[in-house]
Protein chains: 2
Amino acid sequence: MCEQSEAESDDLLHQRHKNPDPLERPRELVVVCGPMRSNINLSRIVRACGCCGVSKVFCAGSGRVIEKIARDGKNQVEISVHRSLPPLLKTLRNDGYRLVGLEQASISRSLYTYGFKRRTALIIGNERNGVPEEVLGMVDDVVEIPVYGLPFSHNAATATAITIYEYCRQFPQG
Amino acid sequence: MCEQSEAESDDLLHQRHKNPDPLERPRELVVVCGPMRSNINLSRIVRACGCCGVSKVFCAGSGRVIEKIARDGKNQVEISVHRSLPPLLKTLRNDGYRLVGLEQASISRSLYTYGFKRRTALIIGNERNGVPEEVLGMVDDVVEIPVYGLPFSHNAATATAITIYEYCRQFPQG
């Protein structure tokens, strides 16, 4: 019994910071951030991207990533800074990416039922103003995370991490 | 054509801060936080709970919620502060809650495939040390979020929000 207890105890062992799961193919998800108000949120998005094997973040604005928050994501994720999003989005579309905005809008589809295309550019809006109308007019789809109480929406970086999780759930091997 | 364009434009309208989706029944998910290092993370968890209709957070530690971060969650979510988790977990189990730890452990099940019981207490560990072994020995299940790159794990509050999202996806009406 004593041995069994020890075995059971072993079974519970922490594996914190264990090696990441291997991907069978590189992720074809990229994240595009409008000019964020907060470099903290941008840095949190970069950390989530690092964890999820997403290797590229495009952003408008300063693009300053805070290593204390992004952790290893700062080195794992390539940041590409752009003055304005529309020309970038045209390029991504030409490269075969489906443009998906994350926004509460009249045409939004629930993240619960939305089926991602593997090659997706996920577009995140500014914390206060969201995805600009100009950009919403360019995207192929808009998704939103159902909200059931107050506040009316998740923090922008939290919402991004949730959406990347949902993408990874649909493409667990890349 | 002009009218159609206007209609299409209307279709794209922002609905930021729209009313939350109604729940058919109150959420039976509660969140239990070990003593967190950061009140920022605790406050972010409270915001995510508010958004998801989760009305109760138990925590060890200071339990100080920062309104600037938790937003309306501070008023929507009841915070119950406890000196130590084990007696609380026993009470929750007696009340019919399934105790589910969020941790990278040898017995962890993937959040992708884990089926939540409606009445669940989700247990979150400290940012640095995770769910204590003592608590891991008490839980019914341990779940983890697959990680594919560096850093080795999501931020504690981000991981919590992702897990609550997954629960809500499984119980979209409560």
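Five bridges join β4(B) to β6(B), two strands that run parallel. Within this predicted model, Gly101(B) has Ile123(B) of β6(B) as its bridge partner.

Both strands belong to an open sheet of seven strands in chain B. The order is β3-β2-β1-β6-β4-β7-β5, and the pairing is parallel. At the edges stand β3(B) and β5(B), residues 109-110. Each has a single partner strand, so one side of each is left without a neighbour in the sheet. In general, strands of a sheet pair through backbone hydrogen bonds.

Two helices meet this sheet. The table gives their strands and angles.

| Helix | Strands | Angle |
|---|---|---|
| α5(B), residues 85-94 | lies across β1, β2, β3, β4 and β6 of chain B | about 135° to β4(B) |
| α7(B), residues 156-170 | touches β1, β4, β6 and β7 of chain B | about 165° with β6(B) |

Now take α5(B) in detail. Leu85(B), Leu89(B) and Leu92(B) are buried. They cover an arc of only 60° around the axis, which puts them on the same side of α5(B). On the other side, Pro87(B), Lys90(B) and Asn94(B) are exposed. The buried residues of α5(B) pack against several strands and also against α6(B), residues 133-136. Just after α5(B), Gly96(B) takes a positive phi of about 95°.

How does chain B relate to chain A? A turn of 180° and a shift of 0.0 Å along the axis lay chain B on chain A, with an RMSD of 0.0 Å. That is the relation of a two-fold axis. Of the residues of chain B, Ile162(B) comes closest to the rotation axis, at 2.6 Å (C-alpha). As for the interface, 100% of the interface residues of chain B are also interface residues in chain A, so the copies meet through the same surface.

Terms used:
Residues numbered from 1 in each chain as written. Chains lettered and ligands numbered in written order. Predicted model: local features only at pLDDT ≥ 70, side-chain atom pairs only at ≥ 80, totals over all residues. Buried ≥ 20, exposed ≤ 12 C-beta atoms within 10 Å, placed from the backbone. Helix = DSSP H or I, 4+ residues; strand = E, 2+ residues; numbered from the N terminus. Arc of directions from axis to C-beta. Contact = placed C-beta atoms within 7 Å. Least-squares fit on C-alpha atoms with pLDDT ≥ 70 in both. Pairing = 2+ DSSP bridges. Axes fitted to C-alpha atoms, helices over the stretch in contact; angles between N-to-C directions.
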